[in-house]
Amino acid sequence: MDHPPEWQVSQWLNSERPLGLAELRGRVVLLHAFQMLCPGCVLHGLPQTQRVARLLAGTPLTVVGLHTVFEHHAVMGPEALAVFLAEHGYDFPVGIDAPGPEGDPLPRTMRAYQLEGTPSTLLFDARGRLRYRHFGVEEDLRLGAQLGLLLQEAETRG
């Protein structure tokens, strides 16, 4: 996707300012879409995302979480999410996907990217293009290979 839509976020946690694809141009971006009550996210996706953030700190990579709630809305609000992130030590920026229009249970960014569910991993290259997407638990080696390719491209361009 050469011109992916901007994320529609209602609130940011672990970030002093809003983040968007336009301002992150020049960096590779890993966007991890999750729900805090999703077993695949809790057991695999979020720990993997935190490992990537820590292992690749100092590279031209920005790791971002997107809490995209499409079920159990009442129990996964911003306050509960803030506690969840702190309790588990997740310190990468997390945006809360803006709710869908009246009557639509799917959040706006989830719908704009046609995400199938959570966990979902999206990788954007340094030009801001969506280059990789995966729904479900992603293998470490496959994700690492994709990130390595995009980071090498970014460093070669820079």
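Does D2 count as buried or exposed? This is a predicted model, and D2 is a friendly place to start reading it. At 53% relative accessibility, D2 counts as exposed, because the cut-off for that word is over 50%. You will find D2 in the segment before β1. Although D2 and L130 are 128 residues apart along the chain, their C-alpha atoms are separated by 6.6 Å.

From here, let us turn to the sheet. It is an open sheet of 6 strands, and reading across it gives the order β1-β4-β3-β2-β5-β6, with mixed pairing. Two strands sit at the edges, β1 (9–13) and β6, and each of them pairs on one side only. From one strand to the next, the twist averages 20°.

Strand β4, residues 94–97, is a good place to see the mixed pairing up close. With β1 it pairs in the antiparallel sense, over 4 bridges. Two of the residues bridged to β4 can be picked out by name: W12 has G95 as its partner, and Q11 has I96. With β3, β4 runs parallel, and 3 bridges join the two strands. Here G65 is the bridge partner of V94 in β4. Now look at where the side chains of β4 go. V94 and I96 point one way, while G95 and D97 point the other way, and all of these residues are buried.

Next door, strand β3 holds H67. Is H67 buried or exposed? Its relative accessible area is 1%, so H67 is buried, the cut-off being under 20%. Leaving aside residues up to four places away in sequence, H67 touches F34, Q35, M36, M76, L81, V94, G95, I96 and D97. In that list you can spot the four β4 residues V94, G95, I96 and D97 again.

Now for the helices, beginning with α1, residues 39–55. This helix has 17 residues and reaches 24 Å from its first C-alpha to its last, close to the 24 Å expected at 1.5 Å a residue. There is nonetheless a kink of about 35° at G45, shortly before the proline P47. Helix α1 lies across β2 and β3, and it runs at about 160° to β2. Its buried residues are G40, C41, G45, L46, Q48, T49, Q50 and V52, so the kink residue G45 counts as buried, with under 20% relative accessible area. What do the buried residues of α1 pack against? They pack against β2 (28–34), β3 (61–67), α2 (78–88) and α4 (140–157).

That last partner, α4, is our final stop. Its 18 residues should span 26 Å at 1.5 Å a residue, and its end C-alpha atoms are 26 Å apart, which agrees. The buried residues of α4 are L143, L147, L150, L151 and A154. Because they cover an arc of only 100° around the axis, they lie on the same side of α4. The face turned away from this buried side carries the exposed residues L141, A145, Q152 and T156. Among the elements covering the buried residues of α4 are β2, α1, β3, β5 (120–124) and β6 (130–135). The list thus brings us back to edge strand β6, and with it to the sheet where our tour of the strands began.

How values were computed: Residues numbered from 1 in each chain as written. Predicted model: local features only at pLDDT ≥ 70, side-chain atom pairs only at ≥ 80, totals over all residues. Heavy atoms only, no water. Expected span 1.5 Å × (residues − 1). Bend = angle between axes of the 7 residues up to and from the residue. Buried < 20%, exposed > 50% of the residue type's maximum accessible area, 1.4 Å probe, protein only. Contact = heavy atoms within 4.5 Å. Arc of directions from axis to C-beta. Pairing = 2+ DSSP bridges. Axes fitted to C-alpha atoms, helices over the stretch in contact; angles between N-to-C directions.
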